[in-house]
Amino acid sequence: MRPFKLSKLCQFIGLSVFSFSLAASEQPTAESLVGNVYLGGHAMYLKTDEDRFYNSNADSSIDHASGLGAEAGYRLSELFETRISYTHFNPVAENNNYDLSSGKSIALDLLYFPFKESFYVVGGADFLDVEKSNLSAALGAGYRHYLSQNMALYFEGKGHYQFDNNFTDFSSKIGFIYYFGSQPQKIKRTESTKVTAIQPTMAVVATKDSDNDGIVDSQDNCANTPAMDKVNAKGCTIFTAQQGSMRLLVNFDNDKSEVRTEYKNEVAKAAEFMNTYPHVNLTIEGHTSAQGSEKYNQALSEKRAQAIVAVLINDFSIDASRLNFIGHGETMLMNPANTAAAHKQNRRIEAIVATSKQVAEKR
């Protein structure tokens, strides 16, 4: 076999990288590769140091070695990847007149992707067994060509420095790797960017309707209207006034201010009205019959109004700031007759309110 020329190795590296660059059409994003494991195989060519000898003769120099191997790797982050590889190779003597024993390489490498893409720098420790096993420090670079989201070819070149005998070896590898695990569908396109015409782009913008209300953005004065709202020509929700009214009437026992259980449903209706119309405040008006003194009746009417306010606050969680009370005593009799039935009618609480609120019309 003719001696290996280092210039040929350089030419081969350059041609391979150039070819891969032209052929690359798509590659997974670095983010999508994080946490994935891959397995692969490779072919390696090792140009050995000219001072490597297989025996004590001056003409027993080892020229090179070549072989096949396997590897496994794990993507640590968008920038870093770790890899372990094994290569079995056959050394060749420079004078080709001696059969050398087979050798091997066991390497643990850290790969750094400075641009998070195909190009990487690699460094690590390599146990090179070329007639004798020694620890080497390795440093080099490589390039990956992605065939799909899970498969890639790569080319790599490294320099190896063996500490014990100060040997410097050079290796080049061509390999194939396959990623395991789920791959997101995000693909980074590296093909040339196509220039689109300005006029079609402007047309798309002009007819865009971001909130899907039937009014294009250029004419829509109200962005992000709810999907079910009916809108006007300016894209704004159409509101109508919804009327509401409530009359609270609670009667009391003679000379009492406790709210009877049978009237709790009436008070609940008042609470529901106030929750429906949160802007409404309510004034509770207390009344008595004409029995008893005027001063006593005034105080009793106020206690009755306060009792209704307490039920609304404690039982129905109505904000106290929305409630007022007033006592009218016997000054506003509902029935002026001096009968038991009339007195029962006059012992009461009254609250009447009417309001309206704006309600969005639906499509």
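Are Arg83 and Asp109 buried or exposed? Both residues are buried, a label that stands for under 20% relative accessible area, with exposed meaning over 50% and partly exposed lying in between (1.4 Å probe, protein chains only).

Before the tour starts, note that this is a predicted model, in which local features need pLDDT of at least 70 and side-chain atom pairs count only at pLDDT 80 or more, whereas totals for chains, interfaces and linings use all residues. Residues are numbered from 1 along each chain as its sequence is written, and side-chain values use heavy atoms, with hydrogens and water left out.

**First stop: Asp109**

Select Arg83 together with Asp109, and you will find a salt bridge whose closest N and O atoms are 3.0 Å apart; the term requires a side-chain nitrogen of Lys or Arg within 4 Å of a carboxyl oxygen of Asp or Glu. Because Arg83 lies in strand 4 (residues 80–93) and Asp109 in strand 5, this pair ties together parts that are 26 residues apart in sequence. Strands here are DSSP runs of E with at least two residues, helices are runs of H or I with at least four, and both are numbered from the N terminus.

Keep Asp109 selected and add Lys158, whose side chain meets that of Asp109 in a salt bridge of 3.1 Å, N to O. Lys158 lies in strand 8 (residues 151–162), so this contact ties strand 8 to strand 5 across 49 residues of sequence. Asp109 has 2% relative accessibility and therefore counts as buried, and Lys158, at 6%, counts as buried too. Adding Glu156 completes the selection, since Arg83, Asp109, Glu156 and Lys158 are linked in a network of salt bridges.

**Second stop: helix 4**

Move next to Lys269 and Glu266, which form a salt bridge with their closest N and O atoms 3.6 Å apart. These residues are three apart in helix 4 (residues 264–276), so about one helical turn separates them. Glu266 counts as partly exposed because its relative accessibility is 28%. Across the whole structure, a search finds 15 salt bridges.

**Last stop: a nonpolar patch**

Finally, select Val37, Tyr74, Leu76, Phe80, Leu110, Tyr112, Phe115, Phe119, Val121 and Leu139, which form a nonpolar patch on the surface with about 890 Å² of accessible area together. Such patches take residues with over 30% relative accessible area and no salt bridge, joining nonpolar side chains (Val, Leu, Ile, Met, Phe, Trp, Tyr) within 5 Å and like charges within 9 Å. Strand 5 (103–112) and strand 6 (119–129) each supply at least two of the patch residues. Tyr112 is placed in strand 5, and its 33% relative accessibility makes it partly exposed.

Key
Accessible areas come from the Shrake-Rupley method with a 1.4 Å probe; for residues, only the protein chains shown count as cover.
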